Amino acid sequence: MQTNSTHPTLNFPEIEPLLCDADYIDVASAIGKGDLRTFVAGWITYQPAWMKPVLILRTIMLGRESSKKNGKGTSLTPQTVPMQAGEQLSGWTVRQAEEDSYLIVEMHAKNQEAALSFVAEPLANQQKRFAVLLALHYVNQSGRRSFQILQPFHRLLDIVKTKAGMRACGEVMPQVHYWRWR
């Protein structure tokens, strides 16, 4: 596996298997106080009106079934964030988790397979680096083409949803760093 020491999130051993042969990897991160469950709940539930057409387009492009099956994140609270393998998180399936450290979820669509990792890395002064890492594997060329169309929206979604997760943790003006690895 290729490693990169410039972003600590990529050094979590639990995430390394997800990166193996991934076609696309990106990370959005921010620093603040709070806990992983609160961050995840804020990230998942943030869905402003302008996102709806993007989410519909994503559903069509990725060949996912209707959003009814995939669930809504609107009733998610920090206490109800699933942390057990096999549980559902707004259309994603929990792969593995460790309380206040990381949560890895995955999704399988007809054109792509994706793993989304939420990480809370402890720093000094009770702060943490919260990061969201997406590792995407294209099942076929259609998966590659559809993501190329969605990629500009994806980056914007990563940034605004990470800010929303940080606001849920009490950060007033969170600064998000976006980094594309592959």
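This briefing covers the fold, the aromatic residues, the salt bridges and one surface patch of the protein. The model is predicted. The protein contains five helices and seven strands. Of its 182 residues, 48% are buried.

**Overall fold**

- Along the sequence, the elements follow the pattern α-β-α-α-α-β-β-β-β-β-α-β.
- Take the contacts between residues at least 6 apart in sequence: 66% of them join residues at least 24 apart.
- The accessible surface comes to about 9,100 Å². Carbon and sulfur atoms account for 51% of that surface.

**Aromatic residues**

- How many aromatic pairs does the structure hold? There are four.
- A pair of aromatic rings is described by two values, the distance of the centres and the angle of the planes.
- Take Phe-39 and Phe-130 as one example. Their ring centres are 5.0 Å apart and their planes meet at 25°, so this pair is stacked. The cut-off for stacking is an angle under 30 degrees.
- Where do the two partners sit? Phe-39 belongs to helix α2, residues 36-45, and Phe-130 to strand β6. The pair therefore ties together parts that are 91 residues apart in sequence.
- Both Phe-39 and Phe-130 are buried.
- Phe-39 and Phe-130 also belong to one aromatic cluster, together with Trp-43 and Phe-118.

**Charges over rings**

- Trp-43 has a charged partner as well as its place in the aromatic cluster. The charged end of Lys-161 sits over the ring of Trp-43, 4.8 Å from the ring centre.
- Tyr-46 has a charged partner too: Arg-167 lies over the face of its ring. The distance to the ring centre is 5.7 Å.

**A buried threonine**

- Thr-162 is part of helix α5.
- Is Thr-162 buried or exposed? Its relative accessibility is 0%, so Thr-162 counts as buried.
- Which residues does Thr-162 touch, leaving aside neighbours within four places in sequence? The contacts are Ala-28, Ser-29, Ala-30, Phe-39, Trp-43, Val-132 and Val-176.
- Among these contacts are Phe-39 and Trp-43, which both belong to the aromatic cluster.

**Salt bridges**

- A search of the whole structure finds five salt bridges. Three of them are described here, beginning with Arg-95 and Glu-106.
- The side chains of Arg-95 and Glu-106 meet at 3.5 Å, N to O. Arg-95 lies in strand β3, residues 92-98, and Glu-106 in strand β4, residues 102-108, so the pair ties together parts eleven residues apart in sequence. Arg-95 has 36% relative accessibility, so this residue counts as partly exposed.
- Asp-100 forms a salt bridge with Lys-128. Their closest N and O atoms are 2.4 Å apart. Asp-100 lies in the loop between β3 and β4, while Lys-128 lies in strand β6, residues 128-138, so this pair ties together parts 28 residues apart in sequence.
- Burial differs within this pair. Asp-100 has a relative accessible area of 30%, so Asp-100 is partly exposed. Lys-128 has 13%, so Lys-128 is buried. The cut-off for buried is under 20%.
- Glu-121 bridges to Arg-129, with the closest N and O atoms 2.6 Å apart. Glu-121 counts as buried because its relative accessibility is 17%. Arg-129 counts as buried because its relative accessibility is 18%.

**A nonpolar surface patch**

- Which residues make the nonpolar surface patch? Leu-57, Ile-149 and Phe-153 make it, and its area is about 240 Å².
- Leu-57 lies in helix α3, residues 51-62. Ile-149 lies in helix α5, residues 141-168.
- Leu-57 has 30% relative accessibility, so Leu-57 counts as partly exposed. Ile-149 has 46% relative accessibility, so Ile-149 counts as partly exposed.
- How far apart in space are Leu-57 and Leu-150? Their C-alpha atoms are 8.1 Å apart, while in sequence the two residues are 93 residues apart.

Definitions and conventions: Residues numbered from 1 in each chain as written. Predicted model: local features only at pLDDT ≥ 70, side-chain atom pairs only at ≥ 80, totals over all residues. Heavy atoms only, no water. Patch = residues over 30% accessible without salt bridge, like charges linked within 9 Å, V, L, I, M, F, W, Y side chains within 5 Å. Areas by Shrake-Rupley, 256 points an atom, 1.4 Å probe, with all protein chains shown as cover. Salt bridge = Lys/Arg side-chain N within 4 Å of Asp/Glu carboxyl O. Helix = DSSP H or I, 4+ residues; strand = E, 2+ residues; numbered from the N terminus. Buried < 20%, exposed > 50% of the residue type's maximum accessible area, 1.4 Å probe, protein only. Contact = heavy atoms within 4.5 Å. Phe/Tyr/Trp six-rings, centres within 6.5 Å; stacked < 30°, edge-to-face > 60°. Lys NZ or Arg CZ within 6 Å of the ring centre and 35° of its normal.
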